[in-house]
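Me: I should like a close look at one part of this model, namely its buried interior and the segments that border on it. Please take me through it residue by residue, in one connected account.

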Amino acid sequence: MKKILLMLAMMMVSLSLVSQDVKKVAILETVDKDGSVSYGHKLMLRSNLAKAITNTEGYEAYDRTDMDQIVSEQNFQRTGMVSDDQIKQIGIMTGAAYVLIAEAAKVDDDNLFVTAKIVNVESAKTERTDNALMSMKASDIQHGCESMAYKLLGVTPKPAPIQNETKEVLKTEISQKEVDEKPKVDVGAVPAVNYDYMIGELKTFSDGTSGIVFYVDNDGHGLVVSLQEFEAQWSRKIMDVISIDNERSCNKVDFVGKRNTNIMIAQLGENAVAASRCQQQGLGWYMPSSGELYHLIKIANNAEGEDGPISKALKQNGGKVIDGWYWSSSENDDDEAFNISDSGSCHTEDKIEKVAVRAIRAF
């Protein structure tokens with residue numbers, strides 16, 4: 001009997017130790033500052049983040065409705081502004097080690113832009129941030145939230161094994177002719193997801209140039225911004241650059257900066273001052289489009305100028321913070337192009353004016 005009691009006691013201690021290793025993450029209501037995101041989409045974002053976190057070993061999501069009552073008096077869900085005291089209070093009331101704050105905005109009729117950060121309750125410091133462009137389809141939101149949760153937690157998901165039945169089906173669907181003509185592929189292999197780089201981290205390329213990561217997509221590809229900046233004219237020559245679409249706003253989601261840069265240099269030659277200097281920084285560097293620049297300043301840096309998270313990362317790595325106005329490679333008409341301020345304001349400016357420029361590069 002004593003041995004049985006001893007074994008039961010040891011089991012209880014083991015279970016207690018396991019439970020202590022599980023870190024709770026309190027997920028707050030998704031922030032929607034302009035009221036453009038439906039309740040259903042906000043609920044999908046929150047529930048999918050909770051599911052992904054709970055399914056990650058060592059973590060448990062806390063998003064019960066009674067937590068909303070805890071923070072309902074703090075104008076918290078709408079603005080996303082959280083003081084250190086509020087974070088610690090949420091931790092005390094929920095037993096959570098972390099607080100996850102997500103914000104969503106509707107960018108067009110089919111897509112949402114989602115940005116999130118995970119905050120350590122004890123230190124009230126942001127540990128990781130991430131963002132993603134997701135379609136409004138339930139399956140895409142689920143996939144996007146899973147990827148975001150893994151990045152916020154800093155873990156690499158284990159690839160799901162392909163069942164033997166699925167392998168047999170795949171094999172029988174491939175004709176002998178296809179086998180002979182195409183290279184053999186291991187149907188059991190699952191492509192690895194690249195989680196090597198997080199928002200705000202320094203990435204150094206093989207040519208020795210470096211930049212701060214400010215965007216990462218679901219496949220692990222992304223964009224970095226240069227550590228330094230320079231002042232230059234958009235162009236010394238007033239003319240409409242053919243093949244660059246003349247935009248009417250600067251916050252359109254696009255990734256056409258590299259294309260714009262090549263077109264500007266091809267058509268303007270030595271007059272494309274800003275674009276040429278971006279390319280001179282090294283292979284792959286280019287002048288960001290208005291959409292890429294808007295994402296860097298408004299989304300990744302939270303429109304906080306020198307106090308934003310990307311600015312802090314730039315400063316920590318010996319770079320210059322984001323401060324002032326910056327040229328984009330997006331054209332408005334023959335006379336003007338778009339520039340964006342460190343607060344995310346968008347205006348047009350005469351191309352012959354000197355404005356600050358930040359080069360970016362894809363990976």
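Reply: A residue is called buried here if its relative accessible area is under 20%, and exposed if that area is over 50%; anything in between is partly exposed. The model is a predicted one, and the account below should be read with that in mind.

A convenient place to begin is Phe 205. Its relative accessibility is 10%, so Phe 205 counts as buried. Two charged side chains are placed over this ring. The charged end of Arg 361 sits 3.8 Å from the ring centre of Phe 205, and Lys 203 lies over the face of Phe 205 at 5.0 Å from the ring centre.

Phe 205 also belongs to one of the 2 aromatic pairs counted in the model. Its partner is Trp 285, in an edge-to-face arrangement with 6.1 Å from centre to centre and 80° between the planes. Because Phe 205 is in the loop between β6 (202-204) and β7 (210-216) while Trp 285 is in strand β10 (residues 285-286), the pair ties together parts that lie 80 residues apart in sequence. Trp 285 has a relative accessible area of 3% and is therefore buried. The other pair joins Tyr 215 to Phe 255, and it is tilted, with 5.3 Å between the centres and 40° between the planes. Here Tyr 215 comes from strand β7 and Phe 255 from the loop between β9 (230-233) and α9 (257-268), so parts 40 residues apart in sequence are tied together. The two partners differ in their cover: Tyr 215 is buried, with a relative accessible area of 10%, whereas Phe 255, at 45%, counts as partly exposed.

Next comes the nonpolar interior. As a general point, nonpolar side chains tend to be buried together in soluble globular proteins. In this model the largest nonpolar core has 48 residues, and those with the most contacts inside it are Phe 214, Val 225, Trp 234, Met 264, Met 287, Leu 296 and Ile 310. A second core, separate from the largest, comprises 27 residues, including Ile 27, Tyr 59, Ala 102 and Ala 132. Val 225 illustrates how the larger set is joined to its surroundings. Beyond its neighbours within four places in sequence, Val 225 is in contact with Phe 214, Leu 296 and Ile 310, and also with Trp 285, among others. Its further contacts include Gly 211, Ile 212 and Leu 314, as well as Arg 358, Ala 359 and Ile 360.

Two helices deserve attention at this point. Helix α11 (residues 290-300) is mostly covered, with 9 of its 11 residues buried. Among the buried residues of α11 are Leu 293, Tyr 294, Leu 296 and Ile 297, together with polar or charged ones such as Ser 290, Glu 292 and His 295.

In α12 (309-316), the buried residues are Ile 310, Ser 311, Ala 313 and Leu 314. Their arc around the axis is only 160°, which means that they lie on the same side of α12. These buried residues pack against β7, β8 (222-226) and α11. On the face turned away from this buried side are the exposed residues Lys 315 and Gln 316. Just after α12, Gly 318 takes a positive phi of about 80°.

The loop between α11 and α12 holds Asn 302 and Ala 303. Most residues other than glycine have a negative phi. Asn 302, which is not a glycine, nevertheless has a positive phi of about 60°, and Ala 303 likewise has a positive value, near 55°. Asn 302 has a relative accessible area of 37% and is thus partly exposed; Ala 303, at 23%, also counts as partly exposed.

Some polar and cysteine positions complete the picture. Lys 351 is found in the loop between β13 (346-350) and β14 (354-357), and at 0% relative accessibility it counts as buried. The C-alpha atom of Lys 351 is separated by 9.2 Å from that of Trp 327, which is 24 residues away along the chain. Cys 145 is buried at 1% relative accessibility, and Cys 278 is buried with a relative accessible area of 0%. A search of the whole structure finds 0 disulfides.

How values were computed. Residues are numbered from 1 along each chain as its sequence is written. This is a predicted model: local features need pLDDT of at least 70, side-chain atom pairs count only at pLDDT 80 or more; totals for chains, interfaces and linings use all residues. Side-chain values use heavy atoms; hydrogens and water are left out. Helices (H or I, at least four residues) and strands (E, at least two) are DSSP runs, numbered from the N terminus. Buried means under 20% relative accessible area, exposed over 50%, partly exposed in between (1.4 Å probe, protein chains only). A nonpolar core is a set of buried Ala, Val, Leu, Ile, Met, Phe, Trp, Tyr and Cys residues joined through side-chain atoms within 4.5 Å. Contact means heavy atoms within 4.5 Å. Rings of Phe, Tyr and Trp (its six-membered ring) pair if their centres lie within 6.5 Å; planes under 30 degrees apart count as stacked, over 60 as edge-to-face and the rest as tilted. A charge sits over a ring if NZ of Lys or CZ of Arg is within 6 Å of the ring centre and within 35 degrees of the ring normal. A disulfide is a pair of cysteine sulfur atoms within 2.5 Å. The arc is that of the directions from the helix axis to the C-beta atoms.
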